[in-house]
Amino acid sequence: MPILKIQDVTKVYEGKVTHRAINQLSFDVMKGEFLAVMGPSGSGKTTLLNLISTIDKPTTGEIIVNEIRPSKLNKHELALFRRRELGFVFQDFNLLPMLTVEENIVLPLTLDGKPVSLMEERVRELAEKLDLTSFLQKKPNEISGGQAQRTAIARALIHEPTLILADEPTGNLDSNNSREVLELLSTINKEKNATIVMVTHDPIAASYCDRVLFIKDGEFFNEIYRDDRRQTFFQRILNVLSLLGGGNVGDLSSIRLP
Amino acid sequence: MFHPEIENGFLGNVSIVGMIIAEIILVLFSWFFIFYSVKAFLEARSKEFAILLHLGMERKQLSKLIFLETLLLGTVSIVVGILFGYAFSRFFFMIVREILILEELPLYFSWEPFLLTITVYLSAFILISILSVYVTPEKNLIDLFKGYSEVNGNHQYSIPRAIIGMVCIAIGYILALLTSRMTMYSFGIAVIILITIGTYLFFSDTTHFILDRIRSKKHLYWKKYRMLSVAEQSMIMKSNSKMFFVVTMVTALAFLCVGLLATLSSYTSQYDKMNPLGLIYKGHTDNPYEYSHITSIMRELEEKGLSYHMASLEVRKQTSSYTRYEVEVFSESDINNLLFSYGYPFVRLEQGEGMFIPYSEESINQLNDINVETVLIENNVNITIDKVYPKVIFPSSIISLNSIIVSDEDFRLLKNPYHGASSDVEPGYHLFAFDIPQWIETKDVGLSIAYRVSQEYLKEEYRLPFYFENAGLNFSFLLSTYSLFTLVGLLVAAVFLLAAGSFIYFKLHTSLELEKKKFDVLKRMGLTDQELKRLINAYLVPQFFIPLGVALLHSLFAFVALQNLLKHIANISIVKELVLAFVFLVIIEVIYFYLIRWRYITHVRDS
């Protein structure tokens with residue numbers, strides 16, 4: 001059952017130079033799927049994420065999340081929709097500096113006016129799972145990048161959203177922390193059957209996913225599914241990337257592409 | 001200040017000195033203010049400077065750039081300010097004229113004020129631009145790129161200090177309440193020191209202590225946006241406690257200014273009550289000028305078209321057996337003649353009865369309790385005095401403290417003149433009281449007589465056989481001096497108040513980028529528009545109104561103390577004026593708050 005449906009979405013930025021960021025893009029995300037969206041810089045990845053997170057509205061086409069059409073909602077309902085259905089993980093964590101780690105995690109629930117006992121229960125559960133217990137009372141500027149991103153993931157999970165959106169979650173992390181965070185995401189995906197859409201241009205990050213969707217200049221380019229071994233999956237991702245032309249591997253074949 | 005009419009006019013030196021002091025305060029404060037604002041804006045632009053430095057600009061060139069920019073801005077603002085100022089000076093003169101009740105204050109042109117303004121502010125801008133370049137510490141490029149960040153305040157509070165802060169303020173308040181005339185100076189200084197220290201500690205420690213208490217109570221704290229706003233407040237308090245302290249003190253100062261002025265104005269407005277008569281001419285019984293003076297005054301009044309009622313009273317001095325001192329005796333019919341023009345109730349006295357004449361509002365109650373049986377020694381007349389006239393008839397400068405009314409029959413018996421301790425004391429006097437409904441307009445009447453009286457006052461001994469008092473003239477002196485203070489004080493207070501608000505605005509401006517980012521995150525997380533507004537309210541309201549509230553409380557106690565003092569000195573109540581003034585100030589502040597909130601919301605929504 002698809003939890004997220006993207007149907008013929010086009011996004012045009014009007015301005016002095018009209019710019020078509022997304023063009024006729026369609027795909028579905030199933031419940032419990034861990035999807036990576038890859039593409040070179042300027043391919044419209046972030047625009048796509050903004051469209052899904054209802055920060056931005058598509059010019060044409062329809063986005064359906066969990067049978068809800070955000071385009072039909074008014075501003076107030078949209079805010080409530082984001083609060084209840086979506087969870088966000090950002091590249092630069094975006095933890096609020098004046099709140100402690102614990103407070104940052106419960107923030108979505110406090111906004112929704114949930115009882116304190118429920119919040120404490122969920123925090124305890126998540127803190128154990130994500131190994132946050134040791135620094136729950138610290139401020140965001142007193143913890144490391146990996147810890148900060150784990151906190152951000154906990155914040156994205158605490159209200160048990162339908163869909164988790166991650167924008168380059170490993171972009172600011174070193175390789176160790178990256179691996180930790182990615183493994184965490186994939187465990188959550190498996191254990192909690194959470195649906196995750198992750199935008200990245202790191203092929204290593206993408207190799208943790210079930211499926212990788214490639215877009216180029218706002219259009220669908222290719223998609224590949226993971227196989228048994230991460231190593232070969234990684235290799236295949238690299239191959240597509242080199243085909244894309246904006247890839248990390250210098251491949252002469254890309255030159256011949258129009 | 002340079003206006004020729006004011007400088008040469010009758011406004012005493014006092015008001016000129018007052019104006020100069022106010023001007024110096026204003027200039028100093030505006031210097032400080034400009035410095036602060038320039039610094040705040042430079043801080044907000046640090047990213048831009050970082051790019052310039054990154055592109056290979058020398059530090060010297062950057063300094064030159066900032067210097068030139070500030071100078072350019074300064075020049076433009078000075079020119080515009082002077083133009084506006086000159087345009088509004090006509091309006092300003094109108095207000096001054098209205099307050100001072102001057103005939104006219106022509107618009108004039110002289111180069112002095114312009115030169116003064118230009119030199120003062122141009123030098124300020126030059127100095128400030130140099131300072132702001134050199135005082136700013138050499139930051140690393142990387143720090144500049146990151147821009148202004150608030151996340152450096154890891155301020156620790158201590159509970160003892162938090163408690164000391166509260167105790168200081170409490171003791172200060174109690175002392176202020178206990179202040180009497182005796183302890184005015186010592187207590188006053190102690191109160192000021194205590195309150196200053198207390199306020200500082202209040203913002204640096206006590207508020208954190210309280211907020212921390214709230215944060216530890218999850219049931220209170222983890223509720224909707226309350227968590228965010230409380231955490232935010234503690235953050236703001238931590239990084240800006242010094243600013244809050246300054247703002248509070250400045251606001252308190254502004255309140256004190258305005259409150260003091262309100263007090264003065266209440267003094268002038270109650271002048272009417274204390275001086276019921278328009279003109280009073282007092283002369284010895286054998287005063288040779290009496291006829292000519294009275295006729296000239298009457299002629300002048302008629303020329304002005306002022307209606308008046310003149311009562312001439314004969315006063316005889318006698319010695320009272322009760323006190324052994326002199327007593328001034330009025331006759332019943334003379335007094336009734338005067339009371340008729342006031343519209344006050346008449347006096348009815350039987351033979352042998354007497355009545356006190358009160359010299360002030362307060363004395364009415366005091367004299368009411370006194371019951372005296374006395375003999376006027378010179379003529380052996382027995383008088384029983386057990387009443388007091390319930391209203392003030394004469395200003396205290398005219399009659400002595402011992403003045404009584406007796407019946408006409410008794411008054412006729414007082415044939416033998418007073419023989420006091422020395423022979424040169426006059427045995428009585430004639431009093432000509434002019435009751436004039438439009439008494440404010442009499443200030444030009446009898447000027448020559450008033451002049452002679454005031455000249456005589458400067459000499460060692462008062463030898464003139466007459467004395468003249470013109471309530472209108474006195475009032476216009478009083479009014480012009482005090483209203484000038486009022487005007488200047490209001491200006492100072494307005495500048496202070498706006499400045500206090502602006503400090504907060506600058507602080508908001510510099511941290512705007514950070515705030516925008518925060519609201520962006522929250523919006524993504526799903527924050528409704530309503531909640532956003534509420535959050536901004538919860539963010540801005542304490543910043544504006546905590547300093548205001550504390551300042552209000554401070555000045556409230558200051559004025560309770562002042563009221564206590566004034567009760568001893570002059571019998572005036574300042575409550576009504578104070579409440580009015582404070583309500584006015586609070587309204588201004590609320591309007592200012594909404595203005596800034598509106599700007600802030602548009603800024604945040606833009607992102």
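This is a short dialogue on reading a sheet and a chain contact in a predicted model.

Q: What kind of model is this, and how are things numbered?
A: It's predicted, so local features need pLDDT of at least 70 and side-chain atom pairs pLDDT 80 or more, while totals for chains, interfaces and linings use all residues. Residues count from 1 along each chain as its sequence is written, with chains lettered from A and ligands numbered from 1 in the order written.

Q: In what order do the strands of the open sheet in chain B run?
A: Strands are DSSP runs (E, at least two residues; helices are H or I, at least four), numbered from the N terminus. Two strands pair if DSSP finds at least two bridges between them. Here, 9 strands of chain B go E5-E6-E4-E7-E3-E2-E8-E1-E9, with mixed pairing. Strand E5 (372–376) and strand E9 (466–470) of chain B are the edges, each pairing on one side only.

Q: How do E1 and E9 of chain B pair?
A: Strand E1 (residues 279–284) of chain B runs antiparallel to E9(B) over 5 bridges, and B:Leu279 sits opposite B:Asn470.

Q: Which strands does helix H12 of chain B touch?
A: Contact means C-beta atoms, placed from the backbone, within 7 Å. Helix H12 (residues 290–304) of chain B packs on the sheet, touching E1, E8 and E9 of chain B.

Q: How many residues of chain A and chain B are in contact?
A: 24 residues of chain A are in contact with 19 of chain B. H2(A) gives the most to chain A's side, with 7 residues.

Key. Two residues are in contact if their C-beta atoms, placed from the backbone, lie within 7 Å. Axes are lines fitted to C-alpha atoms, for helices over the stretch in contact, and angles run from 0 to 180 degrees between N-to-C directions.
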